[in-house]
Amino acid sequence: MNNTTDVFKGLWPAMFTPVNAKGDISIPDLEKLVELLVKEDVDGLYLLGSTGQGFLFSEKQRMEITSIAIDMVQKRLPVIVQVGAMNTEESVRLAKQAYAAGADAISSVGPIYYSGSVEMGFQHYRRIAEAADLPFFPYQIGQSTSGELVAKLMKLPNIIGMKMTTLNLLEISSVHQKAEGWKLFSGADELLCHAALCGTAGAIGTTYNLLGSTCKSVRQRFLDGEVKMAGEFMLQLQQLIEQVMPCIWTFFRKAMQLKHGIDIGLAKAPLLSPDMPWTDEEVLAMVNRLERAAV
């Protein structure tokens, strides 16, 4: 475990959890993915978010995935584990196991039921924050991050930031202003560069599995003043996301196979892996076009 908060910045893939035909973890492809992301020089790994299908694995499977992935990383990258679950007790157990496995931090979505309740969200997060002596990055809950929830969370131990899944830039800025010193991560690929203007320390997203070094470079070059390049890249990225959204899992599965030789498998039910209208050549061309926009 890393004892400094300085590592919580930059570009973090919301890492896929590759599965085999039976829906169980594919250890060979997981190992390939970890090695790819280390080679791509991303800044950290975010395990078992929705991209990693965390909620669709059993508690035992999630603990296994956490241990295996952290062992594979071997301290070469910091790791945040998403421990949100259908109930708080499970989240607490997952948080304790992430600590024991050597995670650098934990994260969690809010309560699945009554997700608009500030008090329920606070109590859910309080239990997780107190469960393990690890930096904790909760998600925002609806629009409540603009006031009451942030003020309450700031009083809890171990909370040092937040994963902002919102597309609302003003909401990100508001949290940045109210929680001085917090490390904020944007969870929307569409805002890779935009959110950096609103006080985020880093970005967590799906596309970064596919083009980690490219996306990291674009974000940093944007911060260094290459606005025109970043603008062109972001327009390409947003267009791609809008285009593939109806079959996004199928697209990423094929793109990862073609670009990196890694099979993330079919999405676990009830998530769907619908057919898509593009050939292998067209998928690869879409990815390459996005990569060229960063040149």
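I will talk about helix α8 and its surroundings, and then about the packing of helices α10 and α11, in a model that is predicted.

Let me begin with α8, which covers residues 212–223. At 1.5 Å a residue, its 12 residues should span 16 Å, and because the C-alpha atoms at its ends lie 17 Å apart, the expected and modelled values agree. Within this helix, the buried residues are Gly212, Thr214, Cys215, Val218, Arg219 and Phe222, and what covers them includes the strands β1 (10–13) and β8 (202–205) together with the helices α7 (207–210), α9 (227–244) and α11 (280–292). Just after α8 comes Gly225, whose phi is positive, at about 110 degrees.

One residue of α8 that I would like to follow further is Arg221. Leaving aside neighbours within four places in sequence, Arg221 is in contact with Glu226, Met229, Ala294 and Val295, and its side chain reaches the backbone oxygen of Ala294 at 2.5 Å. Ala95, by comparison, is 126 residues from Arg221 in sequence and 35 Å from it in space, taken C-alpha to C-alpha.

Now to the second topic, the helix pair. The axes of α10, residues 248–260, and α11 come within 10 Å and cross at roughly 80 degrees, which means that α10 is roughly perpendicular to α11. On the α10 side, the residues that meet α11 are Phe251, Lys254, Ala255, Leu258 and Lys259, while α11 contributes Asp280, Val283, Leu284, Met286, Val287, Asn288 and Glu291. Sorted by class, this contact has seven nonpolar, one polar and four charged residues.

Methods: Residues numbered from 1 in each chain as written. Predicted model: local features only at pLDDT ≥ 70, side-chain atom pairs only at ≥ 80, totals over all residues. Heavy atoms only, no water. Helix = DSSP H or I, 4+ residues; strand = E, 2+ residues; numbered from the N terminus. Expected span 1.5 Å × (residues − 1). Buried < 20%, exposed > 50% of the residue type's maximum accessible area, 1.4 Å probe, protein only. Contact = heavy atoms within 4.5 Å. Axes fitted to C-alpha atoms, helices over the stretch in contact; angles between N-to-C directions. Parallel < 35°, antiparallel > 145°, perpendicular 65-115°, else oblique. Nonpolar A, V, L, I, M, F, W, Y, C, P; charged D, E, K, R; others polar. Polar contact = N/O pair within 3.5 Å; in protein donor to acceptor, adjacent residues only side chain to side chain.
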